[in-house]
Amino acid sequence: MRVPPFVTAVLGTALAVSLTACGSNSDYLPTRAEAEDLGEESQQVAEELAAELGIPDVTGESEDLYVFLPKSLDNPYWDDARAGMEDAAERLGVRAEFVGPQTTDVGQQVQMFEAALARQPKGIAISPNDPASVLGTIATARDMGIEVIAWDSPVPDSEARGYIGTDNTNAGRTFGEELLEQIGGEGKIAVIVGSLGAVNSQQRLTGLREVVEADPDVEIVAIEESGDAIAEATSKTEAILAAHPDIAAIVGINGGDAPGAATALQQTGRCGEVLVAGFDAIPQARDLMRNDCIQLLVSQRPYGMTAAALQLLVAMAQEADVAETELDTGVVAITKETLPDFERTIS
């Protein structure tokens, strides 16, 4: 997976808190707020990004349609992803739609994928709930001449032409290392995950387990699914706290999981008693961190993922020469101490 060296001065602050152990540059893809803050410089940043990624910065046709299929719509993580797609569509001169099930429903996502094919879009980007469920539809799309890439979560052994997103196994390892440091290298850990069927979730868990299971003083005592819903993560946390009153940390693998866990602690006045860590620095998570209910976050680049993914699809549809299609968008580690620095880069 290629990781370009692109870093702009405007994103330099975030670089200081990036997870260098992850082996990727987390700062070359802007979030939505970063792009808005750049104002007139955003076009220059987009051009530099395209050059560094090897994605030709070609424009499409106004009638060309591209479809993005997220896992669900009820997770705040997808808000920035939608914005990245919309802003890129305006810049590239094409139409783009963000269509997904309200919750992580495998069957409904497949139905929406199949319905999208009937509209004969130029390209489709999918973040699959269950990779096996979309293998046939991806093959059908490619037979129809529709470009398909995976974004946010890969589809192994498929006919998808590329993947843009986090190197999730590496991110899981680094997340585990940061977590063990936070809890002092000992204690019981519970894990909440949006979906155990999603490849990105599986990879994050794999990386986390590699680190945790190598430490004899740390044990994962529970793994629960939330369906990518904050309310369900809260409910599962309440059950975990009842079953394991001596738990040291609860970790969230997907966007709404850590906020859900922290909400359960906040409702019982126990913030700070149990460490909460998770992926994705969505606004709810940052607010809970300011209130000492979340201690560690790992931020992805949802805005940048979709902006780059649409540019890649347009380039493929225009038959431009695309040298690299496996792109790692990186992560940034955030604690309460580094949160102000992080937020200065996205506001």
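**Entry 1: the β8 to β9 unit**

I started with strand β8, helix α10 and strand β9 in this predicted model, and found that β8, α10 (residues 257-267) and β9 form a β-α-β unit of right-handed sense. I then looked up how the two strands meet: β8 (residues 249-252) and β9 run parallel and are joined by four bridges. For one register point, I noted that Val 251 has Ala 277 as its bridge partner in β9.

**Entry 2: onward from β9**

Next I followed the chain out of β9. It passes through helix α11 (residues 283-290) to reach β10, and this β-α-β crossover is right-handed. β9 pairs with strand β10 (residues 296-299) in the parallel sense, over three bridges. Here Ala 277 turns up again, standing opposite Leu 296 in β10. So my handy marker for β9 is Ala 277, with Val 251 as its bridge partner and Leu 296 of β10 opposite.

**Entry 3: how covered is β9?**

I asked myself how many of the residues of β9 are buried. Five of the five residues in β9 (residues 275-279) are, so the strand is largely enclosed by the rest of the structure. I checked the two sides separately. Leu 275, Ala 277 and Phe 279 are buried on one side, and Val 276 and Gly 278 are buried on the other.

While I was at Phe 279, I looked for a charge over its ring. Arg 204 lies over the face of Phe 279, 4.5 Å from the ring centre.

**Entry 4: a stop at Thr 335**

I moved to a loop residue for a change. Thr 335 sits in the loop between β12 (332-334) and α13 (339-344). Is Thr 335 buried or exposed? It counts as buried because its relative accessibility is 15%, and the cut-off for buried is under 20%. Leaving aside neighbours within four places in sequence, I listed what Thr 335 is in contact with: Gln 182, Met 289, Gln 295 and Leu 296. I recognised Leu 296 from my β10 note, where it stands opposite Ala 277.

**Entry 5: β3, β4 and β5**

Then I turned to β4. Strand β3 (residues 123-126) pairs with β4 in the parallel sense over four bridges, and Ile 126 stands opposite Ala 150 in β4. The chain gets from β3 to β4 through helix α6 (residues 131-143), in a β-α-β crossover that is right-handed. β4 is also joined by two bridges to strand β5 (residues 163-165), and these strands run parallel. There I found Ala 150 opposite Tyr 163 in β5.

I checked the cover on β4 too. Five of its five residues are buried. On one side these are Glu 147, Ile 149 and Trp 151, and on the other Val 148 and Ala 150. I made a special note of Glu 147 as one of the buried residues.

**Entry 6: the aromatics**

My last search was for ring pairs, and the structure holds five aromatic pairs. One of them is Phe 68 with Trp 151, an edge-to-face pair at 5.3 Å centre to centre, with 70 degrees between the planes. The pair links distant parts of the chain, since Phe 68 is in strand β1 (residues 65-69) and Trp 151 is in strand β4 (residues 147-151), 83 residues apart. I looked up burial for both partners: Phe 68 is buried at a relative accessible area of 0%, and Trp 151 counts as buried, also at 0%.

Which residues form one aromatic cluster with this pair? I wrote down Phe 68, Tyr 77, Trp 78, Phe 98 and Trp 151.

Conventions
Residues are numbered from 1 along each chain as its sequence is written. This is a predicted model: local features need pLDDT of at least 70, side-chain atom pairs count only at pLDDT 80 or more; totals for chains, interfaces and linings use all residues. Side-chain values use heavy atoms; hydrogens and water are left out. Rings of Phe, Tyr and Trp (its six-membered ring) pair if their centres lie within 6.5 Å; planes under 30 degrees apart count as stacked, over 60 as edge-to-face and the rest as tilted. Buried means under 20% relative accessible area, exposed over 50%, partly exposed in between (1.4 Å probe, protein chains only). A charge sits over a ring if NZ of Lys or CZ of Arg is within 6 Å of the ring centre and within 35 degrees of the ring normal. Two strands pair if DSSP finds at least two bridges between them. A crossover is right-handed if, with the strands pointing away from the viewer, the path from the first strand over the helix to the second runs clockwise. Contact means heavy atoms within 4.5 Å.
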